[in-house]
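Q: Please take a close look at the nonpolar interior of this protein, and then follow it outward to the pockets and the aromatic pairs. I would like one connected account, residue by residue where that is possible.

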Amino acid sequence: MSGASPGEWVLLCYRLPREPSGPRTTLWRRLKRLGVAQLADGLVALPADARTRESLEWLADDVVAASGTAGLWVARPTTVAQERELAAGMATARAEEYRSLAGQCQEALGADPAERSRALRRLRGEWRAVNRRDFFPPAERERAAAALRELAAAVDRDATGAPV
């Protein structure tokens, strides 16, 4: 975040009926996949851009289709400190995901070559998923990238028969 004033955020305010629980669970999973900041029950936010706005518009449509109510808002935090707090919370969540990914890369290094190769494919997919929701990259991002590169190098060595 740069500049002296807060940027725009897109907010989704929603309510879903308790039953059936399927739409609530699906919405929760999709919100998690987007990496939203949870402001309150039924109120989430993402930094505003065309992609995040469209994503939340789709979810709002899904909520309404499930007999719920939803509204989309574009807003600015009243202070830079509020925005920093939101960003820090989002960065903390991504940092945990990157730490987990780096740990899984380290574990895969000790596996047999076939498992190492499968793990690399899976972890590259996880990297892309985390990266898509990483609006405020923490230092752990580069550590996870380095661990992924190390795993890829080990898989390359396996494929070429080079000594480990």
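A: In this predicted model, the largest nonpolar core holds 23 residues, and among its members Leu12, Leu31 and Leu56 touch the most others. Strand 1, helix 1, strand 3 (43–47), helix 2 (50–65) and helix 3 each supply at least two residues of this core, and the largest share, five residues, comes from strand 1. Leu31 shows how these parts meet: once its neighbours within four places in sequence are set aside, Leu31 is in contact with Leu12, Tyr14, Val36, Val44, Leu56 and Leu59. A second, separate core of 17 residues also exists, and Cys105, Ala119, Trp127 and Ala152 are included in it.

Leu31 also appears in the lining of the largest pocket, together with Tyr14, Arg15, Leu16, Arg18, Arg24, Leu27, Trp28, Gln38, Asp41 and Gly42. The space in this pocket amounts to about 330 Å³. Strand 1 (9–15) and helix 1 (22–34) each contribute at least two lining residues, with helix 1 giving the largest share, four residues. By class, the lining of the largest pocket consists of five nonpolar, two polar and four charged residues.

The second largest pocket, with about 200 Å³ of space, has Leu31 in its lining as well, alongside Trp28, Lys32, Gly35, Val36, Ala37, Gln38, Gly89, Met90, Ala93, Arg94 and Glu97. Here helix 1, strand 2 (37–40) and helix 3 (80–109) each supply at least two residues, and the largest share, five residues, comes from helix 3. The lining of the second largest pocket divides into six nonpolar, three polar and three charged residues.

One of the residues lining the second largest pocket, Arg94, deserves a separate word. Arg94 is placed in helix 3, and its relative accessible area is 7%, so this charged residue counts as buried. Leaving out residues up to four places away in sequence, Arg94 touches Gly35, Val130, Arg133, Asp134 and Pro138.

The aromatic residues add a further set of links, for the structure holds two aromatic pairs. In one of them, Trp9 and Phe136 are stacked, with 6.0 Å from centre to centre and 20 degrees between the planes. Because Trp9 lies in strand 1 while Phe136 lies in the loop between helix 4 (113–132) and helix 5 (140–160), this pair ties together parts that are 127 residues apart in sequence. Trp9 is buried, having a relative accessible area of 2%, and Phe136, at 17% relative accessibility, counts as buried too.

The pair formed by Tyr98 and Trp127 is tilted, with 5.4 Å from centre to centre and 50 degrees between the planes. Since Tyr98 belongs to helix 3 and Trp127 to helix 4, the pair ties together parts that are 29 residues apart in sequence. Tyr98 is buried, with a relative accessible area of 1%, and Trp127 is likewise buried, at 16%. Trp127 is also one of the residues of the second core, just as Leu31, among the residues that touch the most other members of the largest core, takes part in lining the largest pocket and the second largest pocket.

Methods
Residues numbered from 1 in each chain as written. Predicted model: local features only at pLDDT ≥ 70, side-chain atom pairs only at ≥ 80, totals over all residues. Heavy atoms only, no water. 1 Å grid on protein atoms, 1.4 Å probe; cavity = no way out; pocket = protein on both sides within 12 Å on 5 of 7 lines; lining within 4 Å. Points joined across faces, edges and corners; volume = space filled by probe spheres on them. Core = buried A, V, L, I, M, F, W, Y, C linked by side-chain atoms within 4.5 Å. Buried < 20%, exposed > 50% of the residue type's maximum accessible area, 1.4 Å probe, protein only. Contact = heavy atoms within 4.5 Å. Phe/Tyr/Trp six-rings, centres within 6.5 Å; stacked < 30°, edge-to-face > 60°.
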